[in-house]
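Visitor: Please take me through one part of this model in close detail. I would like the sheet and the core packed with it, then the charged and polar contacts around them.

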Amino acid sequence: MGIEGLPVSNGDRERAEADFRRDNPNVRGRVTFAGWPSHWSVATSLLVSDDGKVWAQRVVDGDERQHWTEVDLQGPLRRHFILPERFSLRAIAGGKLYGVARDELDVQRVAILDRP
């Protein structure tokens, strides 16, 4: 998608081992994992729109808005969108973005936006 991944750190490896040990308390000795990737994906969510395009969400440090990239798997289309603050995308259909919006009291309501 033209977005560099996040490098895998020693802390990532330590957390993976700690998670494995928590789920497998009877395992003794050193635990190693073969085939570590060099980078983690920056995508945190994927949605597929009704027209077959894939939308990938990524987190941007310091920005609470949702950042999405729309990709057409059949062609070169790649468009980036930043959605309004306090809006969480759930589905894309019929030229609309469907999601949940939170008001200033954090009350959620269904929200529909025109597709950019």
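Guide: Keep in mind that this is a predicted model. Start with the strand order. Three strands make an open sheet, ordered β7-β8-β9, with antiparallel pairing. β7 and β9 are the edge strands, each with a single partner, so one side of each has no neighbour in the sheet. On average, neighbouring strands of this sheet are turned by 25 degrees against each other, direction ignored.

Now the pairings. β7 and β8 are antiparallel and share six bridges. One residue pair to locate is serine 88, whose bridge partner in β8 is valine 100. The hairpin of these two strands has two residues between them, and glycine 94 there has a positive phi near 60 degrees.

On the other side of β8 comes β9, residues 108–114. Seven bridges join this antiparallel pair. Leucine 97 has leucine 113 in β9 as its bridge partner. Alanine 101 is placed opposite arginine 109, also in β9. The β8 and β9 hairpin has five residues between its strands. In this hairpin, aspartate 106 takes a positive phi near 65 degrees.

Stay with aspartate 106 for a moment. Its salt-bridge partner is arginine 102, with the closest N and O atoms 2.9 Å apart. Both ends are partly exposed: aspartate 106 has 47% relative accessibility, and arginine 102 has a relative accessible area of 34%.

Next, the core. The largest nonpolar core has eleven residues: Leu47, Trp55, Trp68, Phe81, Leu83, Phe87, Leu89, Ile92, Leu97, Ala101 and Ala111. β7 (87–93) and β8 (96–102) each supply at least two of them. β7 gives the largest share, three residues. Two of the bridged positions above belong here as well: Leu97 and Ala101 are core members.

Tryptophan 55 is a good place to view this core from. Neighbours within four places in sequence are left aside here. Its contacts then include the core residues Leu47, Trp68, Phe81, Leu89, Ile92 and Leu97. Tryptophan 55 also contacts Ser45, Leu46, Ser49 and Thr69. Two charged residues, Glu70 and Arg115, are among its contacts too.

Those two lead to a second pair of strands. Strand β5 (residues 63–71) and strand β6 (residues 78–82) run antiparallel and are paired by five bridges. They form a hairpin with six residues between the strands. Glutamate 70 faces arginine 79 in β6.

Glutamate 70 is buried, at 1% relative accessibility. Which residue does its side chain meet in a salt bridge at 2.3 Å? The partner is arginine 115, and the distance runs from N to O. Arginine 115 sits in the segment after β9 and glutamate 70 in strand β5, so this pair ties together parts 45 residues apart in sequence. Side chains of opposite charge can pair when their charged atoms come close.

The glutamate 70 pair is part of something wider. Salt bridges with shared partners join Asp51, Lys53, Glu70, Arg79 and Arg115 into one network. In total, the structure holds eleven salt bridges.

Another of these salt bridges involves helix α1. Arginine 21 and glutamate 17 form it, with their closest N and O atoms 3.2 Å apart. The two are four residues apart in helix α1 (residues 10–23), so about one helical turn separates them. Arginine 21 is partly exposed at 28% relative accessibility, whereas glutamate 17 is buried, with a relative accessible area of 14%.

Finish back in β5, with glutamine 66. This residue is buried, at 10% relative accessible area. Its side chain makes two polar contacts worth finding. One is with the side chain of tryptophan 68, at 2.9 Å. Another, of 3.2 Å, is with the side chain of serine 88. Tryptophan 68 is a core member, and serine 88 is the residue bridged to valine 100.

The wider surroundings of glutamine 66 follow, without residues up to four places away in sequence. Glutamine 66 touches Gln57, Phe81, Ile82, Leu83, Phe87, Ser88 and Leu89. Phe81, Leu83, Phe87 and Leu89 in that list belong to the nonpolar core. Glutamine 66 thus gives a view of this core from strand β5.

Notes. Residues numbered from 1 in each chain as written. Predicted model: local features only at pLDDT ≥ 70, side-chain atom pairs only at ≥ 80, totals over all residues. Heavy atoms only, no water. Core = buried A, V, L, I, M, F, W, Y, C linked by side-chain atoms within 4.5 Å. Buried < 20%, exposed > 50% of the residue type's maximum accessible area, 1.4 Å probe, protein only. Contact = heavy atoms within 4.5 Å. Pairing = 2+ DSSP bridges. Axes fitted to C-alpha atoms, helices over the stretch in contact; angles between N-to-C directions. Salt bridge = Lys/Arg side-chain N within 4 Å of Asp/Glu carboxyl O. Polar contact = N/O pair within 3.5 Å; in protein donor to acceptor, adjacent residues only side chain to side chain.
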